[in-house]
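Work through the exercises below with the structure in view. Try each task before reading its solution.

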Amino acid sequence: MRDAAGRPEYAPGRLGAYYIDEHSHKRTPVMLHRAIFGSLERFFAILLEHHAGRLPAWLAPVQAAVLTITDRQDEYALKVAETLKNQGVRAVTDLRNEKVGF
């Protein structure tokens with residue numbers, strides 16, 4: 001919305017807020033709004049919604065998961081995960097004796 005002079009009209013004008021100045025004239029107050037945390041929360045909400053909860057690798061809490069088929073690969077899987085972590089990748093291992101699809 002814009003006022004008569006073409007300037008954007010913000011909430012105080014739309015709400016009908018005013019004050020009386022030193023010359024007894026009604027004036028619309030200026031609203032300063034700063035919502036750092038609210039903006040950050042909205043940003044993450046939009047990001048999560050846009051990616052359907054599957055965050056891009058650079059932002060995901062876990063970037064790589066190393067899984068094994070049998071316990072014979074456990075030692076190697078731990079080495080791979082350690083190498084990834086040394087490279088700055090947020091990696092975890094899953095050494096459960098379960099089917100991979102599970």
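A residue counts as buried when its relative accessible area is under 20%, as exposed when that area is over 50%, and as partly exposed in between. Keep these cut-offs at hand. The model is predicted.

**Exercise 1. Confidence**

Find where confidence is lowest and where it is highest.

Solution. Start with the whole protein: the average pLDDT is 84. Of the residues, 84% score at least 70. Now go to the elements. Helix α1, residues 11-15, has the lowest confidence, with a mean of 76. Helix α3 has the highest, at 96.

**Exercise 2. Salt bridges**

Locate the salt bridges and classify residues in them as buried, partly exposed or exposed.

Solution. Step one: the count. The whole structure holds 3 salt bridges.

Step two: Asp 21 and Arg 27. Their closest N and O atoms are 2.9 Å apart. Asp 21 has a relative accessible area of 12%, so it is buried. Arg 27 reaches 40%, so it is partly exposed.

Step three: Glu 75 and Lys 79. This bridge spans 3.9 Å from N to O. The cut-off is 4 Å, so a distance of 3.9 Å passes. Both residues sit in helix α3, 4 residues apart, which means about one helical turn lies between them. Glu 75 is exposed, because its relative accessible area is 57%.

Step four: Asp 94 and Arg 96. The closest N and O atoms lie 2.7 Å apart. Asp 94 is partly exposed at 22%. Arg 96 is partly exposed at 48%.

**Exercise 3. A residue in helix α3**

Describe the surroundings of Ala 81. Is Ala 81 buried or exposed?

Solution. First, place the residue: Ala 81 belongs to helix α3, which covers residues 74-86. Next, check the area. The relative value is 3%, so Ala 81 is buried. Then list its contacts, leaving aside neighbours within four places in sequence: Val 66, Ala 91 and Thr 93. Last, take a distance. Leu 67 is 14 residues away along the chain, and the C-alpha atoms of Leu 67 and Ala 81 are 9.7 Å apart.

**Exercise 4. Nonpolar surface and rings**

Which residues form the nonpolar patch on the surface? Identify the aromatic pair as well.

Solution. The patch consists of Leu 40, Phe 43 and Phe 44. Together they offer about 280 Å² of accessible area. Phe 44 lies in helix α2, residues 36-50. At 36% relative accessibility, Phe 44 is partly exposed. Phe 43 is also partly exposed, at 45%.

Now turn to the rings. The count is 1 aromatic pair. Phe 43 and Phe 44 form it, with 5.3 Å from centre to centre. Their planes make an angle of 65 degrees. Angles over 60 degrees count as edge-to-face, so this pair is edge-to-face.

**Exercise 5. Positive phi**

Examine the phi angles of Ser 24 and Ala 52, and say where each residue lies.

Solution. Begin with the background. Most residues other than glycine have a negative phi. Ser 24 has a positive phi, near 65 degrees. Ser 24 is in the loop between β1 (19-20) and β2 (26-27). With 59% relative accessibility, Ser 24 is exposed.

Ala 52 has a positive phi too, near 55 degrees. Its place is the loop between α2 and β3 (64-67). At 49%, Ala 52 is partly exposed.

Methods
Residues numbered from 1 in each chain as written. Predicted model: local features only at pLDDT ≥ 70, side-chain atom pairs only at ≥ 80, totals over all residues. Heavy atoms only, no water. Helix = DSSP H or I, 4+ residues; strand = E, 2+ residues; numbered from the N terminus. Buried < 20%, exposed > 50% of the residue type's maximum accessible area, 1.4 Å probe, protein only. Contact = heavy atoms within 4.5 Å. Salt bridge = Lys/Arg side-chain N within 4 Å of Asp/Glu carboxyl O. Patch = residues over 30% accessible without salt bridge, like charges linked within 9 Å, V, L, I, M, F, W, Y side chains within 5 Å. Areas by Shrake-Rupley, 256 points an atom, 1.4 Å probe, with all protein chains shown as cover. pLDDT = per-residue confidence, 0-100. Phe/Tyr/Trp six-rings, centres within 6.5 Å; stacked < 30°, edge-to-face > 60°.
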